[in-house]
Amino acid sequence: MKYNKFFLTSSFLIGIAFLGISCVNGNRDDKQSDSTATTTSASGAAKSDFPYDLAKPVKYNMPHNLFEISGIVFHNGDPKEVFAIQDEDGDLFHLGLGDKESKFTKFGGKGDYEDVTIIKNYFIVLKSNGELHTFPISELSKPEATNVTKTKDLVPKAEYEGLAADEKNNMIYVLTKDSKPDSKAKASSIYGFKFNNDATLTAAGQFSLSHKAIEKVSGASKSRFRPSALAKNVKTNEWYVLSSVNKLLVITDADFKVKATHALDPGLFNQPEGIAFDRDNNLYISNEGGTLAAGNILLFKLRK
């Protein structure tokens with residue numbers, strides 16, 4: 001009888017222990033899911049119609065020479081080949097997303113290269129000091145590009161990380177990551193340029209991305225927004241602006257007025273530095289590698 005009483009008591013205690021563990025695990029999973037599920041609109045309401053599930057990517061690990069992958073772009077939106085740079089060497093890489101090795105063409109020396117875009121069959125690469133390197137796509141067949149134009153002093157002195165083309169309007173945009181004037185104004189400056197037939201650039205407008213508007217829409221406390229990349233969603237005419245430091249994706253209208261924000265899960269987005277769309281409007285975000293992870297590109301398929 002004592003044995004049975006002991007057995008029943010032990011079983012009851014073990015059952016309670018297992019129940020407690022299950023509750024803890026269940027709560028942890030719920031919190032992880034919630035951290036990636038909320039898109040906030042300018043009206044302050046959660047939006048359920050965001051066209052990408054940022055918690056469920058298709059992941060492509062990059063070769064070792066793209067451990068510090070930065071900007072990415074597709075030619076005419078063709079996802080069969082992605083063009084990328086990394087922020088230490090003046091090399092333009094190209095590879096299939098599933099390839100274990102990449103090819104590259106040298107276009108410059110050592111430097112902090114941040115983003116790349118394509119317009120009218122020209123590559124343009126952005127350096128962190130605002131310097132641009134422009135060369136024809138035909139140079140990609142060479143081990144080293146020889147027809148490279150360097151453009152300096154096109155934008156004010158600042159730190160830059162974002163570059164994107166709007167081929168429909170024949171424009172490129174240079175996005176400021178950080179500067180003293182921007183910090184004072186609590187905004188990020190974007191400079192627009194017309195791309196001319198001779199591959200030169202003509203100033204064509206300046207825009208401002210309000211940090212206060214981002215804080216209001218996201219509900220976040222005051223913080224310095226420091227964007228790392230941008231790309232235009234040509235189907236919706238919206239800009240997608242990425243911030244690695246803030247782990248945030250900001251969606252704006254064509255004039256960079258904030259419409260919505262989406263928090264990025266640090267578990268998926270180690271250091272998001274590049275963003276692009278393919279011709280089917282699928283979204284791609286590149287991440288620099290970390291201590292235990294390779295550089296990667298995450299594909300987010302458009303919800304049907």
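**Exercise 1. In what order do the four strands of the open sheet that includes strand 11 stand, and how do they pair?**

The model is predicted: local features need pLDDT of at least 70, side-chain atom pairs count only at pLDDT 80 or more, and totals for chains, interfaces and linings use all residues. Residues are numbered from 1 along each chain as its sequence is written, and side-chain values use heavy atoms, leaving out hydrogens and water.

Step 1. Take the elements from DSSP: helices are H or I runs of at least four residues, strands are E runs of at least two, numbered from the N terminus. Two strands pair if DSSP finds at least two bridges between them.

Step 2. Read the order. It is 11-12-13-14, with antiparallel pairing.

Step 3. Find the edges. Strand 11 (159-166) and strand 14 (201-210) each pair on one side only.

Step 4. Get the turn between neighbours. It averages 25 degrees, direction ignored. Axes are lines fitted to C-alpha atoms, for helices over the stretch in contact, and angles run from 0 to 180 degrees between N-to-C directions.

**Exercise 2. Trace the pairing around strand 13, then place helix 3.**

Step 1. Start with strand 12 (residues 171-178). Five bridges pair it, antiparallel, with strand 13 (residues 187-195). Leu 175 has Ile 190 of strand 13 as its bridge partner.

Step 2. Move to strand 14. Strand 13 pairs with strand 14 over eight bridges, again in the antiparallel sense. Phe 195 stands opposite Leu 201 in strand 14.

Step 3. Inspect the hairpin of strand 13 and strand 14. Five residues lie between the strands, and Ala 199 takes a positive phi near 70 degrees.

Step 4. Add helix 3 (residues 211-218). It lies across strand 13 and strand 14, at about 45 degrees to strand 14. Contact means heavy atoms within 4.5 Å.

**Exercise 3. Describe the open sheet 7-8-9-10.**

Step 1. Its four strands pair in the antiparallel sense.

Step 2. Strand 7 and strand 10 (149-151) are the edges, each pairing on one side only. The twist averages 20 degrees from one strand to the next.

Step 3. Six bridges join strand 7 to strand 8 (residues 122-127). Tyr 113 stands opposite Lys 127 in strand 8.

**Exercise 4. Characterise the largest and second largest pockets.**

Step 1. Set the terms. On a 1 Å grid over the protein atoms alone, a pocket is an open set of points with protein on both sides within 12 Å along at least five of seven lines; lining residues have an atom within 4 Å of a point. A volume is the space filled by probe spheres set on the points, which are joined across faces, edges and corners. The probe is 1.4 Å.

Step 2. Take the largest pocket. Its volume is about 480 Å³. Its lining has 27 residues, with Phe 74, Ala 165, Lys 232, Val 234 and Phe 277 nearest the centre. Elements giving two or more residues include strand 7 and strand 11.

Step 3. Sort that lining: 14 nonpolar, five polar and eight charged. Here Ala, Val, Leu, Ile, Met, Phe, Trp, Tyr, Cys and Pro count as nonpolar, Asp, Glu, Lys and Arg as charged, and the others, Gly among them, as polar.

Step 4. Take the second largest pocket, of about 220 Å³. Of its 16 lining residues, Ser 183, Lys 186, His 211, Ser 223 and Arg 224 are closest to the centre. Strand 12, helix 2 (180-185), strand 13 and helix 3 each give two or more. By class, the lining has two nonpolar, five polar and nine charged residues.
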